[in-house]
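Please find below a short note on the model under review. The points concern its salt bridges, its packing and one of its helices.

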Amino acid sequence: MKSFEVNFDGLVGPTHNYGGLSFGNVASQSNSQQASNPREAALQGLEKMKALMDMGFVQGVLAPQERPDVAALRRLGFGGSDAQVIERAAKEAMPLLVASCSASSMWVANAATVSPSADTADGRVHFTAANLNCKFHRSIEHPTTSRVLGAMFADHDHFAHHAALPAVAQFGDEGAANHTRFCRDYGEAGVEFFVYGRSAFDSRYPAPQKYPARQTLEASQAVARLHGLSEEGVVFAQQNPAVIDQGVFHNDVIAVGNGELLFHHQDAFLNTEQTLAELHGKLAARGANFQSISVPRDQVAVEDAVRSYLFNSQLLTRANGSMLLIVPEECRANPRVWQYLQGLIASAGPIAEVKVFDLKQSMQNGGGPACLRLRVALNEKELAAVNPGVIMTPALYETLTQWVSKHYRDALRENDLADPQLLIECRTALDELTNILKLGSVYPFQIN
Ligand code: SUG
């Protein structure tokens, strides 16, 4: 049976804005309070989805969160009508209103961790929604994420869904941004690679000093247990705490993997040799020939990797078996990174081509090509069981671009978030979207 890696990209929501909410994420902090352009952001994302579909990849869409999240504001004590909740939050606690309008749900690499059926004990595809509990504005995502994933992958014969881990920092879980799966073929048992920033219960593990380590070892282990992964099918590795302190807030800012290949920065991991040897050994036992490309720090410094998002790229296997790297425009703008990429292509290694996309609206909040997608490896039967409404087609692309053009503003500043009309616009748009994507009722305003 044929198997595929399907990329489900987050559709950028109508409140895409630069709130400066993410301490440790350099782009979020440096673009705080700038005017955003939600329409352009959503269209840039759709452009990438269409391009991948046109290249022959199976492409899906993941719906955004309901924002402003009035229910979250109510939990914090703001009462009255929905409009009054927003008005009061704007007057008394603007940062909370900004958090409740956050654009962050578009980075669906953080939505969940997904294990393909070839790896799991019960032969189903497993999903665990990420609790994202390091930041308030992200911790409010998982209930809606779970409902949306449930509506997309509804068939219990093929798909198993787990609730987010306990919402405490000790189980901080950032989903697939710290999870990579290696395999010979998407349909064969592979090795799932979990990268954590610290241990919550064992003080022998070093931790970063300046910025938070969002993912804990204990969270990664819990997800592996929930998914029924075997000892032979997992590798856990600690991220280098020194790079977290340089703005590498997720592993996907410093490494990307696909198939049998890991593309990573020389400084990505704490114990690089041991990590690579373990991956090599466990993949060899699965009949796979693990390879890694280490980018030397004297060619690309960690700072260049963080600014350009070289590693927040999509590494895709083309029909002929060679690999394609999808990078953001910022990589071309950085002379050292661009020179490295030219050399990489010329080296006749596994990465044969680089394609550049303009994702500036997303990048300004720390979201590159890899952040914008959740990978789900599926066999033909499983793909047939996915809600067909969320699989990208030329017609769906047309419908979604028209939907964006009709509902989205082209400029959003902090003050605009206090406009009660924005809430009405967002709900009108999302209500229409759930019909377009055939999701049923998934948003709090639709079910409460
Ligand atoms: O959690 N940015 C997100 C970016 C997440 C990127 N995801 C991956 N690398 N997989 C975050 O830091 C910024 C929101 C703001 O400032 O408005 C934000 O949350």
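How many salt bridges does a search of the whole structure find?

1. The search finds 23 salt bridges, each a side-chain nitrogen of Lys or Arg within 4 Å of a carboxyl oxygen of Asp or Glu. The model is predicted: local features need pLDDT of at least 70 and side-chain atom pairs pLDDT 80 or more, whereas totals for chains, interfaces and linings use all residues. Residues are numbered from 1 along each chain as its sequence is written, and side-chain values use heavy atoms, without hydrogens and water.

2. R214 and E174 form a salt bridge, with the closest N and O atoms 3.2 Å apart. This pair links distant parts of the chain, 40 residues apart. R214 and E174 are buried (under 20% relative accessible area; exposed is over 50%, partly exposed in between; 1.4 Å probe, protein chains only).

3. The largest nonpolar core (buried Ala, Val, Leu, Ile, Met, Phe, Trp, Tyr and Cys residues joined through side-chain atoms within 4.5 Å) has 86 residues, of which F8 and L400 touch the most other members.

4. L400 is also among the buried residues of α16, as are Y397 and W403; helices are DSSP runs of H or I, at least four residues, and are numbered from the N terminus. The buried residues of α16 fall within an arc of 160° (directions from the helix axis to the C-beta atoms), so they line one face of the helix. On the other side of α16, P394, A395, Q402 and K406 are exposed.

5. K406 in α16 and E432 in α17 lie 26 residues apart, and their side chains meet in a salt bridge (3.0 Å, N to O).

Note on methods. Helices (H or I, at least four residues) and strands (E, at least two) are DSSP runs, numbered from the N terminus.
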